[in-house]
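Visitor: Before we discuss any label attached to this model, could you show me what we are looking at?
Guide: Here it is, and afterwards we can set each term against the criterion behind it.

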Amino acid sequence: MSTEPTFIPLDAIRRAPVPDPANAPTEDIRELLFDLEDAGELIVQRVPEPYVEVMTKYGRMKKIPLDKTWHHKSCGQCGHIPGYSTSIFWLNRQFGMSYDDPTDQTSCTAWNYYASATSNAVAQAAVASRNFAAAYATGFYPMIHCGTSYGHYKETRAELVHHPELRRKVRDIMAKLNKPLIVPEEIVHYSEWIHVMRDKIAERQVRDFSSITASIHPACHYYKLVTEDAIYDPDIYGGQRTATVTGLVEAVGSTVGDYSTFFDCCGFGFRHILVQRDFSRSFATQRKIEIMKEEANPDVVITHDTGCVTTLDKSQFAAKAHQRNVGVPVLSDAQFAALAMGAHPYRVVQLHWHATDYTALLEKMGIDWEQSWAEFESDLKRIESGEIEYLSWEDADA
Amino acid sequence: MSTMAPPMPFTADRGATLAPNSYVDVPYEEKLRLWEEVKSDDRFPDYLYGCYDCGICVAACPSAKYYDFSPRKIAQAAAREDVELIYEQMNDDVWNCSQCFSCNRCPRQNSPGGLITLLREVSVKNGLASAKDALEGYGRVVYKIMTTGTQISPDMLQPDAFPDWGPDVEKTSDNLDLWRRALPPETLHTTETSWVVSDETLIELYLIWLHSDVMDIIKEADEGLHMIILDVMEETLEDAGYEV
């Protein structure tokens with residue numbers, strides 16, 4: 001029996017036809033949104049110019065705003081892997097994009113909802129609408145950092161469109177907050193911004209990534225929840241897999257290390273990662289990291305969601321203690337792009353919050369991580385001594 | 001399927017499992033009531049369109065690989081309205097789901113993961129013992145998200161909470177305040193929340209909880225937790241001039 005991987009060769013799937021939006025199996029939710037706006041039921045926040053139009057799964061075009069974005073942050077990114085969020089902001093700053101990093105933002109609360117069910121459709125839609133209204137009031141457009149927030153908001157948008165009673169209840173709650181019911185024209189994930197900016201990122205690249213092999217883990221809630229909104233590109237996997245993340249990795253000259261469990265989730269599980277981690281650890285290492293190691297032997301795993309970075313990275317310590325075939329650092333696409341453009345690995349990318357050893361990867365990127373850490377330690381001493389209160393953006397680029 | 005006469009605890013109709021009914025002490029009418037509550041959710045028709053029994057959802061399901069769990073059985077039981085089996089699943093199966101929605105690959109456009117969301121919601125709302133068991137140890141997360149507006153705070157990174165994540169957790173915990181101050185974005189200089197959430201924003205979040213029946217759900221799930229969260233919310237809202 002052959003021991004070769006049994007997944008479909010990429011050459012075969014590249015023959016797939018480009019989808020025709022006229023034959024899309026799902027409705028275009030944006031048209032229904034505009035109908036509801038015409039009927040006075042809600043306000044649709046338009047994608048501001050400049051934007052780039054990209055193809056989604058069924059051939060429709062989606063507008064991705066470049067500038068004037070309102071950053072809907074992620075609990076898990078900001079809390080436990082803050083170099084993820086910092087890298088997103090750093091990239092926006094590098095390209096001179098104006099953005100809002102709001103304090104008038106709550107979590108989408110979807111992690112908790114998927115984990116514990118201690119909420120309901122009305123509350124979830126009201127939380128989403130409150131955040132959307134907060135963004136609308138600033139004139140900046142929502143850019144969602146978390147894959148689960150992105151997926152959940154797409155579901156919530158569909159529920160608001162299809163269920164008048166839900167709409168009425170949410171509108172009543174919003175009225176108590178003195179806010180209108182707002183729904184953005186497009187729900188946009190930050191990785192879509194990185195995807196459309198990938199050539200500009202490559203133009204500004206200062207580090208050679210051509211010797212790096214990266215395996216991609218696509219986030220379930222990015223492309224499995226309301227699948228028709230995810231970006232697909234005929235030139236990437238023949239349009240048969242989502243193009244985000246992979247597009248960036250190819251643009252910066254790295255090799256994509258394909259593997260047979262690409263479609264598997266990371267094992268996050270929402271409640272499992274918090275209270276039943278034996279499942280998360282087992283799945284992340286046995287179904288993802290070990291398979292990647294055996295079939296692609298990557299230098300790094302690149303993904304685009306909070307839970308995926310957390311689960312794939314943090315789960316490897318226990319597996320390594322059992323001599324399993326693990327040991328691949330895990331980064332978000334934002335961190336990978338920032339490093340390519342010369343970001344400091346600790347001041348910006350904040351790799352000290354990650355668990356799996358990343359030093360060999362940094363060396364392959366041409367980064368003297370010992371010197372970088374010494375620089376960061378000197379920053380910490382300046383903060384401790386009271387010379388500076390916080391590390392500033394100027395310090396980060398010093 | 002008729003809802004008048006309860007089926008026998010063990011019948012061929014329950015062929016998906018052929019297991020004996022573990023919940024014979026619970027009246028059929030109560031199981032039926034819960035199922036009707038699931039079906040009454042506006043989202044239910046969007047999650048179930050029948051089932052080919054093809055097993056694509058099972059092949060895609062991460063939980064099916066590690067637990068005695070099957071999204072196909074969830075969809076099948078719901079499609080047949082097998083009230084007895086659905087009650088068993090509400091107690092024994094639904095908390096194994098990873099909520100990744102890999103099962104949305106269903107060629108009939110079913111969402112077994114979506115059905116499970118509804119089954120879990122009804123379980124919690126009705127205070128099922130299995131739901132309380134599943135949420136044991138989870139209260140601090142519910143407290144955090146409901147009272148602060150962010151779920152995962154930096155100060156949750158404690159070595160005793162995440163011993164399997166290695167020694168770096170202790171290093172992070174020991175240096176937490178300093179490392180947070182070494183983050184360039186101004187909103188991230190926090191240890192008790194993921195980012196700075198304004199007081200006005202928090203008040204609006206509390207009003208959403210109060211006006212959307214969420215507090216009733218929390219009360220059924222954990223009365224003590226409900227009291228603690230309500231205290232925090234009431235104090236903040238009363239200070240801001242709201243009558244609670």
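Visitor: How do you know which residues count towards the contact between chain A and chain B, and how many does each chain give?
Guide: This is a predicted model, and a pair of residues is in contact if their C-beta atoms, placed from the backbone, lie within 7 Å. By that criterion the contact takes 75 residues from chain A and 61 residues from chain B.

Visitor: What makes up the side of chain A that touches chain B, in terms of nonpolar, polar and charged residues?
Guide: That side of chain A divides into 34 nonpolar, 24 polar and 17 charged residues, where glycine is placed among the polar ones.

Visitor: Into which domains is chain A divided, and how do you know where their bounds lie?
Guide: The bounds come from an automatic or database domain assignment, which divides chain A into domain 1, residues 27-190, and domain 2, residues 198-374. The C-alpha centres of these two domains of chain A lie 25 Å apart, and the contact takes 36 residues from domain 1 of chain A and 36 residues from domain 2 of chain A.

Visitor: Which elements supply the side of domain 1 of chain A that touches domain 2 of chain A?
Guide: Two or more residues each come from β2 (51-55), α3 (75-80), α4 (82-94), α5 (110-116) and α7 (147-162) of chain A, and the largest share, nine residues, comes from α4(A). The residues on that side of domain 1 of chain A divide into 18 nonpolar, 14 polar and four charged.

Visitor: Why is the sheet β5-β4-β6 of chain A called open, and what are its edges?
Guide: Three strands of chain A form this sheet in the order β5-β4-β6, with parallel pairing. β5 (99-100) and β6 (141-144) of chain A each have a single partner strand and stand at the edges, so one side of each is left without a neighbour in the sheet.

Visitor: How do you know that β4 and β5 of chain A are paired?
Guide: Pairing requires that DSSP find at least two bridges between the strands, and β4 (residues 69-72) and β5 of chain A have two bridges in the parallel sense, so the criterion is met. Within this pair, A:Trp70 has A:Asp100 in β5(A) as its bridge partner.

Visitor: What makes β8 of chain A a mostly covered strand, and to which strands is β8(A) joined?
Guide: A residue is buried if 20 or more other C-beta atoms lie within 10 Å of its own, and four of the five residues in β8 (residues 213-217) of chain A are buried. Two bridges join β8(A) to β9 (residues 255-256) of chain A in parallel, with A:Val256 as the bridge partner of A:Ala214. Four bridges join β8(A) to β10 (residues 300-303) of chain A, also in parallel, and there A:His217 stands opposite A:Thr303.

Visitor: How many helices and strands does chain B have, and what share of chain B is buried?
Guide: Chain B has 14 helices and zero strands, and buried residues make up 45% of its 244 residues. The C-alpha trace of chain B spans about 65 × 45 × 30 Å along its principal axes. Among contacts in chain B between residues at least 6 apart in sequence, 66% join residues at least 24 apart.

Visitor: Which domains are assigned in chain B, and what separates their centres?
Guide: The assignment gives domain 1 (12-128) and domain 2 (139-239) of chain B, and 31 Å separate their centres, taken over C-alpha atoms.

Terms used. Residues are numbered from 1 along each chain as its sequence is written. Chains are lettered from A and ligands numbered from 1 in the order in which they are written. This is a predicted model: local features need pLDDT of at least 70, side-chain atom pairs count only at pLDDT 80 or more; totals for chains, interfaces and linings use all residues. Two residues are in contact if their C-beta atoms, placed from the backbone, lie within 7 Å. A residue is buried if 20 or more other C-beta atoms lie within 10 Å of its own, exposed if 12 or fewer, and partly exposed in between; C-beta atoms are placed from the backbone.
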